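Colleague: Could you take one residue and its surroundings in this model and follow them outwards, step by step? I would like a single connected account.

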Amino acid sequence: SNVDFRIDKGNPQAVAIRAHFAQHGFINHCDIRIGSGKAGMYDVGNELEDVRFYGGEYGIISSRTSPGWPMSTSASAYSDGASAFSSKTSDDGVRPPSVVSYANVGGKFEANGPLAGHFDLLCTDSFFGKDTWEQAESAMQQEALTRALEKGGLTPAELDYVLAGDLLNQCIGTAFGLRDFQIPFFGLYGACSTMGESLALGSLLISGGHARTAACMTSSHYCTAERQYRMPVPYGSQRTPTAQWTATAAGCCILGDQGDGPYITHVTCGKIVDMGITDVNNMGAAMAPAAYDTLSALFRETKTGPGDYDLIVTGDLGALGHAIVTDLFRRDGVDLSRNYQDCGMLLYDLEKQDMHAGGSGCGCSAAVLNGYLLDGLRRGRWRRLVFAPTGALLSPTSSFQGESVPGICHAVVFSAGKEGET
């Protein structure tokens, strides 16, 4: 730790460090100037942090760690460019999870929105052919998972896990929707951040060697959410200017330890942030501080800034929450205006569709990611983006008891190439 290395001219086969070690061993806080040498490191160990490679043919040449433990790296970088590839690896345990396939499903209002062309299925029937809205939400999850499996050429038996949740009590939309697939199941509740939570946990399972494949998914339904959290839909209550429209949508992303990308290179698991907002019709203001906190942590821990990403997308803050996050960063001297968007502002035409502050619900960010955003990464529109969905951790009971609305945000970095590739 805290030692820098330099390879002088005339050593074309030289490497700076040969390292072969297992758990609790690390190399941290080093600058390795390879020059015209072969590589900065030969073999790897359990952990690299804040290691920077300059020049050389390779940054790292690696084989299997001892005794096959996964290797993790954080806040490390390749600079000046290697003359060939940044790394050459043979079973080193470094597994940036790849997106294998993805699918999304939407309802009537999503079909009339600007992203309609990025959906796998759009249905104008709010019941999706079922008897109740709750059954409809389960049907959406079934459809999203089925289509993602088909697009990936997979069967349910080939999935190690499914990580999923929704907004309903005991996540019944998910439980009843997935019960017939017979896949090992982790039920999640992160409110509208659930897509980010499932991706973070799924990618950690894969990169740690505990899974080869995992389906990450969530859903929401306007009618089920309104009935549970606000007013029965037939009541016809007036919506405030800060209110958002819960998306009737579902999204599924299947991750694997093999694939052509995009890849998940970083995750930042958020902390609960509560600024005392009690208005259940102002979710943007309640969740924005959590988005600011998580994005700040991501930039700080990875030593990056907004300019290092083609797009930064929060989930379901809507117009007001988006403005609050932009202002909080502006006070820090950080300009987000060039490449910052919010899923709640992308899914609908706010004025033509009368969506007030924008879209919300687990399905909003899930549908935008598993259509528009991943389509853009695969087609080359973006190379690197931050997906940071937010959630309001409230319930009707907590609201009736006068509690405030805590917020949460989980950030996931998607890259068209593996770490170190351009």
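Modeller: The model is predicted, and I will start from S98, which sits in strand β10. S98 has 1% relative accessibility and therefore counts as buried, the limit being under 20%. Setting aside residues up to four places away in sequence, S98 touches I254, L255, G256, Q258, G259, D260, G261, P262 and Y263.

Two of the residues on that list, G261 and P262, are joined by a cis peptide bond, with omega about 0°. P262 belongs to the loop between β16 and β17, β17 being residues 263–268. Most peptide bonds are trans, and most residues other than glycine have a negative phi. Two residues elsewhere depart from the phi rule. D316 has a positive phi, near 75°, and lies in the loop between β18 (311–315) and α7 (318–331). With 0% relative accessibility, D316 counts as buried. D354 also has a positive phi, near 55°, and is placed in the loop between α8 (343–346) and β20 (359–360). At a relative accessible area of 47%, D354 is partly exposed, because that value falls between the limits of 20% and 50%.

Strand β10, which holds S98, is also one of the elements packed against helix α2. The buried residues of α2 meet β10 (98–106), β12 (161–165), α3 (172–178), β14 (213–220), α5 (222–229) and β16 (249–256). Helix α2 itself covers residues 133–152, 20 in number. From its first C-alpha to its last, α2 reaches 29 Å, close to the 28 Å expected at 1.5 Å a residue. Its buried residues are W133, A136, E137, S138, A139, M140, Q141, A144, L145, A148 and L149. An α-helix has 3.6 residues a turn, so residues three or four places apart point the same way. After α2 comes G153, with a positive phi near 65°.

Back at S98, the contact with L255 gives a route to the core. L255 is also in contact with L199. Leaving aside neighbours within four places in sequence, the other partners of L199 are C216, C253, I264, L369, F387, V412 and F414. In the largest nonpolar core, which has 44 residues, L199, L373, F387 and F414 touch the most other members. Helix α9 (residues 362–378) supplies the largest share of this core, nine residues. A second core of 25 residues is separate, with M283, L295, A392 and V413 among its members. In soluble globular proteins, nonpolar side chains tend to be buried together.

L199 also takes part in a contact between two helices. The axes of α4 (residues 194–207) and α9 come within 8 Å and cross at roughly 60°. This is why α4 counts as oblique to α9. The residues that meet are T194, M195 and L199 from α4, and C362, S365, A366, L369 and N370 from α9. By class, this contact of α4 with α9 has five nonpolar residues, three polar and no charged ones.

E197 lies in α4 as well. Its relative accessibility is 17%, so E197 counts as buried, under the limit of 20%. Leaving aside neighbours within four places in sequence, E197 is in contact with L188, Y189, G190 and H410. E197 and T268 are 71 residues apart along the chain, and their C-alpha atoms are separated by 9.7 Å.

Past β17 the chain enters the loop between β17 and α6 (283–302), where M275 is found. Because its relative accessibility is 59%, over the limit of 50%, M275 counts as exposed. From C-alpha to C-alpha, M275 and A290 are 9.2 Å apart, with a sequence separation of 15 residues.

For the setting as a whole, the protein has ten helices and 23 strands. Of its 422 residues, 55% count as buried. Among contacts with a separation of 6 or more, 73% are between residues 24 or more positions apart.

Key: Residues numbered from 1 in each chain as written. Predicted model: local features only at pLDDT ≥ 70, side-chain atom pairs only at ≥ 80, totals over all residues. Heavy atoms only, no water. Core = buried A, V, L, I, M, F, W, Y, C linked by side-chain atoms within 4.5 Å. Buried < 20%, exposed > 50% of the residue type's maximum accessible area, 1.4 Å probe, protein only. Helix = DSSP H or I, 4+ residues; strand = E, 2+ residues; numbered from the N terminus. Contact = heavy atoms within 4.5 Å. Expected span 1.5 Å × (residues − 1). Axes fitted to C-alpha atoms, helices over the stretch in contact; angles between N-to-C directions. Parallel < 35°, antiparallel > 145°, perpendicular 65-115°, else oblique. Nonpolar A, V, L, I, M, F, W, Y, C, P; charged D, E, K, R; others polar.
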